Amino acid sequence: MNILTIETTCDETAAAVVTDQLQVLSSVVASQDELHRRFGGVVPEIASRAHLERILPVIHEALTRAGLSLADIGAVAVANTPGLAGSLLVGLVAAKTLCVALDVPLVAVNHLQAHVYACRLAAGREVFPCVGLVVSGGHTSLYRCPDAIRFELLGSTIDDAAGEAFDKVASMLGLPFPGGPAIQRAAEKGNPHAFAFPRSMLDDQRLDFSFSGLKTAVRYKLVGPGRADFSRLELPSQLVADLAASFQEAVVDCLVGKAVQALERTGLDTLCVGGGVAANTRLRARLEEQARIKGFRLFIAPLRLCTDNAVMGAIAVERLRAGLTEELTLDVHPGPLRR
Ligand code: KG4
Ligand code: ZN
């Protein structure tokens, strides 16, 4: 069976066609980075309007690349949680409409679970049970994942998501949006020990994260409290590189430290890492180092499946196998569902 998967949780309009044997027949992602760049972050209203314009061409392109027509689709899957309400609604309405027109089942996808499932897809073999670390622009959380269906929250950020901190710090440093790749590039020429930034909650028993203090610490290296106009700062490139490298190292220390704590706490021996920030080369290297030292199995989503895409919606295959399809009354849930 061919499954059309739709993803519009944030600012990427994406569709893919996958088979119930987990083959990927096509994947299309229309990025909105250009539209949001000048604001230094995603503007929800702009995002939902752009989804509206793009959703039908993106679905059409996904079918064309797969060499299929709508009549060949046996189920439609859509990410309905978590995300921006207006963005989620565009994908959900498109999915429901297709389900009515084609008389095929509707499958709900939890976007965060899908980020973990990207590891299963790329591995081509079983990765469950595992600890899932989802680290993206909107979320930074750890989960116990006994299988592909069950997903239990162990801890999450109490303020900013890691990717959000990357984006905001990049904007302070005069680096372009999205900030993650820009900070990574700047950090290559910087000293990660130049500034002793805080590693909040690392010594805490809880499996939670906090990045807003780190963001403020970077800010205070540049300007004091109050309303600063960062665009007026003229920062020497070596200072930018050192701040970027020291900031990145602090984020990576927290993510790696908490992931290792989660493995120890749960007794699980497998870690799956997904989400946009999982593309970070320093994070990947440090996780691989810890996996060697501590002897756990590590699966990190490949770069093309780290940032938002519809291929990871192939988790719908697992839900279909478990008989988990939805009524057409299915709604969006902007906040993370704790199920
Ligand atoms: O998963 P994603 O595409 O969207 C959300 O669901 O939020 O993640 C986007 C986030 C952005 O904050 C971006 O700055 C970050 O992922 N990101 C990175 C890197 N590539 C993307 N952060 C650090 N290093 C990277 N190489
Ligand atoms: Zn995401």
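## The largest pocket

By class, the residues that line the largest pocket are 10 nonpolar, 16 polar and 7 charged. The model in which this pocket appears is a predicted one, and the pocket holds about 960 Å³ of space. Its lining is made of 33 residues, and those closest to the centre of the pocket are Asp11, Ser136, Gly137, Gly138 and Asp167.

Which helices each supply at least two residues of this lining? They are α4, α5 and α6, and the helix that gives the most to the lining of the largest pocket is α5, with 5 residues.

## The ligand in the pocket

Where does ligand 1 sit? Ligand 1 sits in the largest pocket, and the shell around this ligand consists of 21 residues, of which Gly137, Asp167, Gly180, Gln184 and Asp308 come nearest. When the residues of this shell are divided by class, 6 are nonpolar, 13 are polar and 2 are charged.

The helices α4 (residues 111–123), α5 (residues 162–172) and α6 (residues 179–187) each supply at least two residues of the shell around ligand 1. Here the helix that gives the most is α6, with 4 residues, whereas for the lining of the largest pocket the helix that gives the most is α5.

## Polar contacts and cover

Several oxygen atoms in the ligand can be looked at through their partners in the protein. A polar atom in the side chain of His115 lies 3.4 Å from an oxygen atom of ligand 1, and an N or O atom in the side chain of Ser136 is likewise 3.4 Å from an oxygen atom of ligand 1. With Gly276 the partner belongs to the backbone, where an N or O atom lies 3.0 Å from an oxygen atom of ligand 1.

How much of the accessible area of ligand 1 does the protein cover? On its own, ligand 1 has 560 Å² of accessible area, and the protein covers 91% of that area.

## The largest cavity

Besides the pocket, there is enclosed space to consider. Rolling a probe the size of a water molecule over the atoms shows where empty space is left. A search of the whole structure finds 2 cavities of 30 Å³ or more, and the largest cavity has a volume of about 50 Å³. The residues that line the largest cavity are Thr5, Ile6, Glu7, Val78, Ala79, Val109, His111, Ala114, Asn309, Ala310, Met312 and Gly313.

Two or more residues of this lining come from each of the elements β1 (residues 2–7), β4 (residues 73–81) and α4. The largest share, 3 residues, comes from β1. By class, the lining of the largest cavity divides into 7 nonpolar residues, 4 polar residues and 1 charged residue.

## The second largest cavity

The second largest cavity holds about 40 Å³ of space, and the residues that line it are Ala108, Val109, Asn110, Gln113, Ala148, Ile149, Ile315 and Arg319. Val109 therefore appears in the lining of the largest cavity and in that of the second largest cavity. Which strand gives the most to the lining of the second largest cavity? That strand is β5 (residues 106–110), with 3 residues, and the classes in this lining are 5 nonpolar, 2 polar and 1 charged.

## Backbone features in the loops

Most residues other than glycine have a negative phi, and most peptide bonds are trans. Against that background, the peptide bond from Phe128 to Pro129 is cis, with omega near 0 degrees, and Pro129 is placed in the loop between α4 and β6 (residues 130–135). A cis peptide bond also joins Phe177 and Pro178, with omega about -5 degrees, and Pro178 lies in the loop between α5 and α6.

Is the phi of Asp103 positive or negative? Asp103, a residue other than glycine, has a positive phi, near 55 degrees, and its place is in the loop between α3 (residues 85–102) and β5.

Key: Residues numbered from 1 in each chain as written. Chains lettered and ligands numbered in written order. Predicted model: local features only at pLDDT ≥ 70, side-chain atom pairs only at ≥ 80, totals over all residues. Heavy atoms only, no water. Near = heavy atom within 4 Å. Polar contact = N/O pair within 3.5 Å; in protein donor to acceptor, adjacent residues only side chain to side chain. Areas by Shrake-Rupley, 256 points an atom, 1.4 Å probe, with all protein chains shown as cover. 1 Å grid on protein atoms, 1.4 Å probe; cavity = no way out; pocket = protein on both sides within 12 Å on 5 of 7 lines; lining within 4 Å. Sits in = over half its atoms within 2 Å of the grid points. Nonpolar A, V, L, I, M, F, W, Y, C, P; charged D, E, K, R; others polar. Points joined across faces, edges and corners; volume = space filled by probe spheres on them.
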